[in-house]
Structure formats: structure tokens, C-alpha cells
Amino acid sequence: MLNLFIMRHANCDFNEDIVNDFNREISNEGKKKSNLVLKELIKKKIKFDIVHTSPSKRTLQTLEIFKQQYKFNNTQIYEDHNLYDGSLENYLLKLSNVKNHYKNILIITHEPNIYWLVDYFNNQNDKKYQNFLKRKFLSSSVLKLFFNVDSWSDISGTNCNFDFFLDTNNLIS
């Protein structure tokens, strides 16, 4: 079984003075929500083999929050510009080339890229997945999908199952 975790970067403050979207920083609220999600992932004892992140400032800052509390001892971390302005094909190619001994992959990225991935892996027969699709993928939220195959090159919507969605609005205490 292969596990794919998709995370939307932490919330950022919209600042009209910063015209360049790539350099927007996360907000204090974004830091708080990312920490809440991180605590839930730690409770679930999830270990990531690989983390792919967009090189935008807010995704790297989201990753830094994780690095402060999460043990990435043997985790391979890759920054990839295609996760900022790439296409669905870039994501699928990246995933299909992952060596099969890596079982848990985290992707930290942006909308609409998340929508493309979620839509591509939409398993019409999975009622939990269909219910998830009615929700909004908020900043700092994490989706876990699992695939009943042994090779990343074989993942598809037909072997994809919804496991959980950590919605930051539901984690606020």
C-alpha cells in the first residue's frame, strides 16, 4: 500500500505591496493552523519518506514549521518549481518515478494544483472520497489518499482510496 499526503501551504497575509505571489509569507494564523495539523499527524505516528514542496516562500515556511517539531531523520526533501506553476502531468510524472520502497509521500503545494490531483484520483466508488469532494481545501489542511498497489507507477483513481482529511477549521480548539 502506498500513501500520498497532500497539504496546502499555510495561510498567508495578503499584502498589496507584495506583487510577487511567490514571495508571500505565512501569517500568524497560518503558523497556528499548521501547528495544529502537525500535532494531529504526530498523533497518527505518520513518518514521511519523501517530501516534495514548492519553492515558494509560504510553502517553505510551512515546511520549516514541520521541521521544528517533526523528525525528518531519513526523509528526503525536494524543492520543485513545478509544484508552484506546474501541471497535473508534472505531478503524475514525479509520483510515477518514485522508487517503490518509499511508502509515504507528502506534497506541500498550492491551489489549483491540489484540485487537479484530487480530481484525477477521484474514485467514484469511494463514498468517503465523494463526501470529501464537497469540502473546501483550506490552507494548512492535509488529505491522505492510499493506493492498493505496490508501485507508484500504477497509482490511479481506480486503486485510490480516501483515508482522512485534516480540516484546519475542525482542529481549532
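Contact here means heavy atoms within 4.5 Å. Keep that in mind as you work through this predicted model.

**Exercise 1. Work out where Ser34 sits and what surrounds it.**

Step 1: Find its element. Ser34 belongs to helix H1, which covers residues 28–43.

Step 2: Check how much of it is accessible. Buried means under 20% relative accessible area. Ser34 comes out at 0%, so it counts as buried.

Step 3: List its contacts. Leaving out residues up to four places away in sequence, Ser34 touches Met7, Ala10, Thr62, Ile65, Phe66 and Ser140.

Step 4: Compare sequence with space for one of these partners. Thr62 is 28 residues from Ser34 in sequence, yet their C-alpha atoms are 6.9 Å apart.

Step 5: Look for a polar contact. The side chains of Ser34 and Ser140 make one, at 3.0 Å.

**Exercise 2. Ser140 and Lys45 both have a positive phi; find the value for each and say whether the residue is buried or exposed.**

Step 1: Start with Ser140. Its phi is near 75°, a positive value in a residue other than glycine.

Step 2: Place Ser140. You'll find it in the loop between H6 and E5. It is buried, because its relative accessibility is 0%.

Step 3: Now take Lys45. Its phi is near 55°, again positive in a residue that isn't glycine.

Step 4: Place Lys45. This one is in the loop between H1 and E2. Exposed means over 50%, and Lys45 has a relative accessible area of 70%, so it is exposed.

**Exercise 3. Describe the position of Lys136.**

Step 1: Find the loop. Lys136 lies between H6 and E5.

Step 2: Apply the cut-off. Its relative accessible area is 62%, so Lys136 is exposed.

Step 3: Relate it to Tyr115. The two are 21 residues apart in sequence and 9.9 Å apart in space, C-alpha to C-alpha.

**Exercise 4. Find the cis peptide bond and say where its proline lies.**

Step 1: Look at omega. It is about 5° for the bond joining Glu111 and Pro112, and this bond is cis.

Step 2: Locate the proline. Pro112 is in the loop between E4 and H5.

**Exercise 5. Which residues of the largest nonpolar core touch the most other members, and which elements build this core?**

Step 1: Pick out the best-connected members. The core has 29 residues, and Leu4, Phe121, Leu143 and Phe147 touch the most others in it.

Step 2: Go through the elements. At least two residues each come from strands E1 (2–8), E4 (104–109), E5 (142–147) and E6 (160–166), and from helices H4 (88–96), H5 (113–120) and H6 (127–132). H4 gives the most, with 4 residues.

Step 3: Zoom in on Leu4. Its contacts include Leu95, Ile105, Ile107, Phe121 and Trp152, not counting residues up to four places away in sequence.

Step 4: Look for another core. There is a second, separate one of 19 residues, with Phe48, Leu63, Phe164 and Leu171 among them.

**Exercise 6. What lines the largest pocket?**

Step 1: Note the volume, which is about 150 Å³.

Step 2: Name the lining. It consists of Ile50, His52, Gln76, Tyr78, Lys94, Asn97, Val98, Lys99 and Tyr102.

Step 3: Assign elements. Strands E2 (50–53) and E3 (76–79) each supply at least two of the lining residues.

Step 4: Sort by class. You should get 4 nonpolar, 3 polar and 2 charged residues.

Note on methods. Residues numbered from 1 in each chain as written. Predicted model: local features only at pLDDT ≥ 70, side-chain atom pairs only at ≥ 80, totals over all residues. Heavy atoms only, no water. Core = buried A, V, L, I, M, F, W, Y, C linked by side-chain atoms within 4.5 Å. Buried < 20%, exposed > 50% of the residue type's maximum accessible area, 1.4 Å probe, protein only. 1 Å grid on protein atoms, 1.4 Å probe; cavity = no way out; pocket = protein on both sides within 12 Å on 5 of 7 lines; lining within 4 Å. Points joined across faces, edges and corners; volume = space filled by probe spheres on them. Nonpolar A, V, L, I, M, F, W, Y, C, P; charged D, E, K, R; others polar. Polar contact = N/O pair within 3.5 Å; in protein donor to acceptor, adjacent residues only side chain to side chain.
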